[in-house]
Amino acid sequence: MSNVPPDLKYTKTHEWVRNLADGTVEIGITDHAQHALGDLVFVEVPESGRAVKVGDPTAVVESVKAASDVYSPVAGVVTQGNPGLASEPEAVNTDPYGKGWLMRLRPTNGTATAELMAAPEYLKLLQTEAG
Amino acid sequence: MGRKTPLFELHQELGARIVDFGGWDMPVQYSSQITEHHAVRRASGVFDVSHMCPVDLKGARVREFLQHLLANDVSKLQRPGKALYSCMLNEAGGVLDDLIVYFLNDSWFRLVVNAGTRDKDLAWIRQHSAKFDVEVTELTDLAMLAIQGPEARMKTASLLSASAADTALALGPFFGRQIDNWFVARTGYTGEDGFEVMLPAADAVRIWRELNAAGVASCGLGARDTLRLEAGMNLYGNDMDEKTHPFESGLAWTVAMQPADRHFIGRSALENITPSRQLVGLLLEERGVLRGHQRVVTPAGAGEITSGTFSPTLERSIALARVPAGALQQVQVDIRGKLLNARVVKPPFVRFGKTMIEPGVIA
């Protein structure tokens, strides 16, 4: 069963969101998503300063087999793309909630993460998808 | 749901992710595509290729028929068991399929054609076989396993009786023969040594488990694709199809234009073609992954990637691309609007576990 940390928020498209102490949010893809994609060999993260809307394709994760967009779960301005993934894209597979984070954003408003799912709800979604 | 091979339930039991491939439900990977890839380059792996279609051709004039049907010349096949790779062309010189043909005896040849083209191929072969009195029989109730890698032949032989093992291990490259109730051929699609085996469907699960127990890794179509691309081998439907001819598909070496009086289907079209395009290998010199249909920018005009992937052996992205004819060294590839540098190289990229090109270093 997929690892779903209780302290994060989730999207239907399998991104996670973590609120950081400085008011920015950190975004990545879930354990379920990395497992479904398989061995990641290239990750394209956004440039800092880029403004994104909810649902914008903002990063790209590429496995041997295919390229997949990662959609921003929040509106805001990118403060940082994870620089470590250029040389170590496999961190998204091995540590999706830690070293494998993709980007950090400063949300444009305080309620930016309100429509996201909490962990129990996301777990339920995974169970539904597994049928 | 698609068609299923005799190994489908075993693939599920082994935890494979199943995908549609040419109408068949096939395993794309079991654990990690990269691990499976390395298993074949370094040791051995087994692939289910039961979706491929073996066809027996029998008749006194079967050789003459194949000299008409195929772009390569089966007169090259003089020793029983010898195999030949060939394209089957339409009248316009377009590639209907690529296949392997085995010479078994003077009135019996065997073809193995692609799964996705099976119905079209059988109709075409039957249509042209009539006037040669050749009987066309699709073989069913068989499974096909490809056991590939430097240890593959020894591991496979370890499952056989002593005399059968000796016979199998004595097969030269690109030879096949019936050994008890298996047809064993020293062929493959990975750039490594190994066997492709046709065996009764009812035995397939037991043999797969025995191979696993002997240390042969279960490998999916994902690894098969990265292995064949590293080996510089074309995939029908990606790198060539009915709209392209062999000369612009890196397959001129498979077309026997001599002798000039062999009138194979597609010949007259090919005689009037001056190729304006060519299929080349590309090595991406920056970070990223080349994929099919990406635009290639060259000094001689635009081209397109036909197959692209990440090469687990080179740890770089490689591709086959159709580009304008002529000498080219450096090109650029449009990946999501950015032009990245790629070097034109001559495939194969990897052969028998060895890197055949200098990958260089990414800054």
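**Exercise 1. List the residues that B:I147 touches, leaving out those up to four places away in sequence, and place B:I147 in its core.**

Take contact to hold between two residues whose C-beta atoms, placed from the backbone, lie within 7 Å. With residues up to four places away in sequence not counted, B:I147 then touches B:S44, B:V46, B:A152, B:K155, B:T156, B:G194, B:F195, B:V197, B:L211 and B:V216. This is a predicted model, in which local features need pLDDT of at least 70 and side-chain atom pairs count only at pLDDT 80 or more, while totals for chains, interfaces and linings use all residues. Residues are numbered from 1 along each chain as its sequence is written, and chains are lettered from A and ligands numbered from 1 in the order in which they are written.

For the second step, call a residue buried if 20 or more other C-beta atoms lie within 10 Å of its own, exposed if 12 or fewer, and partly exposed in between, with C-beta atoms placed from the backbone. A nonpolar core is a set of buried Ala, Val, Leu, Ile, Met, Phe, Trp, Tyr and Cys residues joined through C-beta atoms within 7 Å. The largest such core has 70 residues, and B:I147 is listed with B:V101, B:F109, B:L145 and B:V197 as having the most contacts inside it. Strand β6 (residues 95-105) of chain B supplies the largest share of this core, namely eight residues; here helices (H or I, at least four residues) and strands (E, at least two) are DSSP runs, numbered from the N terminus. A second core, separate and of 53 residues, includes A:I29, A:V43, A:V78 and A:W101.

**Exercise 2. Determine which residues of helix α7 (residues 204-213) of chain B are buried, and why they share a side of α7(B).**

The buried residues of this helix are B:A204, B:I207, B:W208 and B:L211. They fall on the same side of α7(B) because they cover an arc of only 100° around the axis, the arc being that of the directions from the helix axis to the C-beta atoms. On the other side of α7(B), B:R206 and B:A213 are exposed. The buried residues of α7(B) pack against α1 (8-13), β3 (45-48), β9 (142-148), α5 (152-157) and β12 (194-200) of chain B. Just after α7(B), B:G215 takes a positive phi of about 100°.

**Exercise 3. Give the strand order of the open sheet of six strands in chain B and identify its edge strands.**

Two strands pair if DSSP finds at least two bridges between them. The order is β10-β11-β12-β9-β3-β13, and the pairing is mixed. The edges are β10 (176-179) and β13 (217-218) of chain B, each of which pairs on one side only. Strand β11 (residues 182-185) of chain B runs antiparallel to β12(B) and is joined to it by three bridges; B:A185 stands opposite B:E196 in β12(B).

**Exercise 4. Describe how domain 1 and domain 2 of chain B touch, and then how chain B meets chain A.**

The bounds, which come from an automatic or database domain assignment, are 8-49 + 141-230 for domain 1 and 276-363 for domain 2. Taken over C-alpha atoms, the centres of the two domains are separated by 29 Å. Twelve residues of domain 1 are in contact with twelve residues of domain 2. On the domain 1 side, α2 and α8 of chain B are the elements that give two or more residues, and α2(B) gives the largest share, five residues. By class, this side has three nonpolar, four polar and five charged residues, where Ala, Val, Leu, Ile, Met, Phe, Trp, Tyr, Cys and Pro count as nonpolar, Asp, Glu, Lys and Arg as charged, and the others, Gly among them, as polar.

The contact between the chains takes twelve residues from chain B and nine residues from chain A. On the chain B side, the elements giving two or more residues are α2 (33-42), α8 (221-230) and β16 (301-311). The residues of that side divide into three nonpolar, seven polar and two charged.

**Exercise 5. Locate B:D141, which has a positive phi although it is not a glycine, and the cis peptide bond from B:Q258 to B:P259.**

Most residues other than glycine have a negative phi, and most peptide bonds are trans. B:D141 has a phi of about 60°, lies in the loop between β8 (135-138) and β9 of chain B, and is exposed, with 8 other C-beta atoms within 10 Å. The bond from B:Q258 to B:P259 has omega near -5°, and B:P259 is found in the loop between α8 and α9 (267-271) of chain B.
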